[in-house]
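Me: I am new to this structure and would like a close look at a single part, the surroundings of the ligand. Please also say how that part sits in the rest of the chain.

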Amino acid sequence: MKLLKSNLSPQTIATHICMFALMVYILNSCEEKKEKNIEKDFIAQTPKAKKFSKKEYEDRGKYLVEIIGCHDCHSPKKIGAKGPEAISELAFSGYQANKNLPELNKETLEKGWMLMNSDLTAFIGPW
Ligand code: HEC
């Protein structure tokens, strides 16, 4: 209100408002540009996902299966120099169908135990 009572003409006030709006617009667009550059820099600095060859995928899968311990239950074993070891030619073939399962101790099973054979390829439990 005080501004309107001053000696400034309506044209001068309108010009100042326009200048102010223009400044706000320019400052804002500079800020946006800065943000876009930060985003671009970030994307440029991010390492690209490596494309694996078929062989690299297979090696990676083999490595994961070995370190996670899938052979522990899915491969028949023999006793080696350091104890039980997976028989490589029978890897992931599980319990051998041509072998009879050891005799089952039902009494132990009924007490809530889970049973497994000596090379961990056969399990029996309350399920
Ligand atoms: C602690 C023992 C154990 C370990 C270790 C284990 N499994 Fe199993 N797995 C089992 C049992 C028990 C079953 C169920 C078998 C059944 O239903 O007759 C099973 C079932 C499976 C099945 C389904 C097979 C089918 O015919 O439906 C797959 C696939 C499988 N496991 C993969 C894996 C992989 C991969 C790993 C390693 C990351 C692994 N398992 C580790 C015990 C194990």
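Reply: What follows starts with the ligand, moves along the chain from there, and ends with the overall form.

The model is predicted. Around the ligand stand Val65, Ile68, Gly69, Cys70, Asp72, Cys73, His74 and Phe123. Sorted by class, this shell holds five nonpolar residues, two polar ones and one charged one. Two helices each give at least two residues to the shell: helix H3, which covers 54–68, and helix H4, which covers 71–74. Helix H4 gives the largest share, with three residues.

Those helices belong to a longer order of elements. The protein chain has five helices and four strands. Read from the N terminus, the order is α-α-α-α-β-β-α-β-β. The radius of gyration is 37 Å, well over the 14 Å that the globule rule gives for 127 residues, so the protein chain is more spread out than a compact globule.

Next come two paired strands. Strand E1 takes in residues 77–80 and strand E2 residues 83–86; the two run antiparallel, with four bridges between them. The link from E1 to E2 is a hairpin of two residues. Two of the facing positions can be named. Gly80 is opposite Gly83 in E2, and Lys78 has Glu85 in E2 as its bridge partner. As a general point, side chains in a regular strand alternate between the two faces of the sheet.

Further along, the loop between E2 and helix H5 (106–110) contains Phe92. Its phi is near 60 degrees, which is a positive value in a residue other than glycine. Most residues other than glycine have a negative phi. Phe92 is also exposed, because 11 other C-beta atoms lie within 10 Å, and a residue with 12 or fewer is placed in that class.

A second residue with a positive phi is Leu120, at about 65 degrees, although Leu120 is not a glycine. Leu120 sits in the loop between strand E3 (115–116) and strand E4 (123–124). Here the label is partly exposed, because Leu120 has 16 C-beta neighbours inside 10 Å. That label applies between the limit for exposed residues, 12 or fewer, and the limit for buried ones, 20 or more.

On the other side of the ligand in sequence, helix H2 covers residues 10–45 and includes Asp41. Leu27 is found in helix H2 too. Asp41 counts as exposed because it has 10 C-beta neighbours inside 10 Å. Leu27 counts as exposed on the basis of 10 C-beta neighbours inside 10 Å.

Distances from these two residues connect the helix to later parts of the chain. Leu27 and Gly69 are 42 residues apart along the chain, and their C-alpha atoms are separated by 59 Å. Gly69 is one of the residues around the ligand. Asp41 and Ser93 are 52 residues apart in sequence, and from C-alpha to C-alpha they are 51 Å apart in space.

The domain assignment gives a division of the protein chain into domain 1, 2–45, and domain 2, 56–124. Between the C-alpha centres of domain 1 and domain 2 there are 72 Å.

The remaining values describe the chain as a whole. Along its principal axes, the C-alpha trace spans about 110 × 45 × 25 Å. Of the 127 residues in the protein chain, 1% are buried. Among contacts with a separation of 6 or more, 23% are between residues 24 or more positions apart.

To return to the part you asked about: the shell around the ligand draws on helix H3 and helix H4, each with at least two residues, and Phe123 is among the residues that surround the ligand.

Note on methods: Residues are numbered from 1 along each chain as its sequence is written. This is a predicted model: local features need pLDDT of at least 70, side-chain atom pairs count only at pLDDT 80 or more; totals for chains, interfaces and linings use all residues. A residue is near a molecule or strand if its C-beta atom, placed from the backbone, lies within 6 Å of it. Ala, Val, Leu, Ile, Met, Phe, Trp, Tyr, Cys and Pro count as nonpolar, Asp, Glu, Lys and Arg as charged, and the others, Gly among them, as polar. Domain bounds come from an automatic or database domain assignment. Two strands pair if DSSP finds at least two bridges between them. The radius of gyration is taken over C-alpha atoms; the globule rule is 2.2 Å times the number of residues to the power 0.38. Two residues are in contact if their C-beta atoms, placed from the backbone, lie within 7 Å.
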